[in-house]
Amino acid sequence: MRYSCLLVALVLFSAAPASFAANCTATVEANDAMQFSTEHIEVSQSCETFKVVLKHVGDLSLQAMGHDWVLSETNDMWDVVNAGNTAGVDNGYVKPGDERVIAATDLIGGGEQTSTTFDPSKLEKGGNYSFYCTFPGHASQMKGELVVVE
Ligand code: CO
């Protein structure tokens with residue numbers, strides 16, 4: 001009896017910290033069918049940094065089916081995409097120094113994985129943010145909303 005009470009106390013104690021901590025990482029998969037695995041990411045402003053892990057779970061090459069994960073205000077999305085297309089594959093289809101880009105991963109091919117981080121305190125609660133792939137022709141299908149929460 002005494003032992004089981006101790007066990008319960010240990011389980012409660014060890015579980016408590018996790019329930020208070022916000023999830024400060026999101027994993028997004030991208031595939032050969034030009035799809036992200038999610039269209040919605042929530043970012044807590046309590047996170048010091050937020051990390052996005054991009055996994056290309058397909059087999060196709062970067063040249064044929066490259067993917068990246070780029071974040072900007074929704075209003076800037078198509079300007080960022082068009083500037084990235086002009087910048088070309090050598091720049092991972094993201095214009096170098098594009099100030100509209102809040103975060104961007106490298107461009108990757110099938111079987112590869114990459115990540116990026118950003119500071120959630122630089123985002124406005126209630127702002128409109130979108131993430132998307134800047135590979136030519138992908139953003140109309142590979143996109144989603146990023147929502148800032150407390
Ligand atoms: Co793509």
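Which protein donors lie 2.1 to 2.8 Å from the cobalt ion? In this predicted model, local features need pLDDT of at least 70 and side-chain atom pairs count only at pLDDT 80 or more, whereas totals for chains, interfaces and linings use all residues. Residues are numbered from 1 along each chain as its sequence is written, and side-chain values use heavy atoms, with hydrogens and water left out.

The cobalt ion has as its protein donors His-67 (ND1), Cys-133 (SG), His-138 (ND1) and Met-142 (SD). Donors are N, O and S atoms within 2.8 Å of the metal (3.2 Å for Na, K and Ca); water is not among the atoms, so sites may look incomplete. Along the chain the donors of the cobalt ion are spaced as H-x65-C-x4-H-x3-M. The angles among the four donor atoms run from 81 to 129 degrees, and the site is irregular; four donors would count as tetrahedral if all angles lay between 85 and 135 degrees, and as square planar if opposite donors were over 155 degrees apart and all others between 65 and 115. Two of the donor residues, His-138 at 3% relative accessibility and Met-142 at 0%, count as buried (under 20% relative accessible area, 1.4 Å probe, protein chains only).

Met-142 is also among the residues in contact with Phe-36 (heavy atoms within 4.5 Å). Leaving aside neighbours within four places in sequence, the contacts of Phe-36 further include the donor Cys-133, as well as Val-28, Leu-54 and Trp-69. Phe-36 belongs to the largest nonpolar core, of 25 residues, and is one of the members that touch the most others, together with Ile-41, Phe-50, Trp-69, Phe-118 and Leu-146. A nonpolar core is a set of buried Ala, Val, Leu, Ile, Met, Phe, Trp, Tyr and Cys residues joined through side-chain atoms within 4.5 Å. Another core, of eight residues, lies apart from it and includes Val-70, Val-94, Val-101 and Tyr-132.

Three strands (DSSP runs of E, at least two residues) form an open sheet of mixed pairing in the order β1-β3-β6. Strands pair if DSSP finds at least two bridges between them. Strand β1 (residues 25–30) and β3 are parallel over six bridges, with Val-28 opposite Leu-54 and Thr-27 opposite Val-53. On β3, six bridges also lead to the antiparallel strand β6 (residues 113–118), where Thr-116 stands opposite Val-52. Strand β3 (residues 50–56) is largely enclosed by the rest of the structure because five of its seven residues are buried.

Terms used: Four donors count as tetrahedral if all angles lie between 85 and 135 degrees; four count as square planar and six as octahedral if opposite donors are over 155 degrees apart and all others between 65 and 115; anything else is irregular. Buried means under 20% relative accessible area, exposed over 50%, partly exposed in between (1.4 Å probe, protein chains only). Helices (H or I, at least four residues) and strands (E, at least two) are DSSP runs, numbered from the N terminus.
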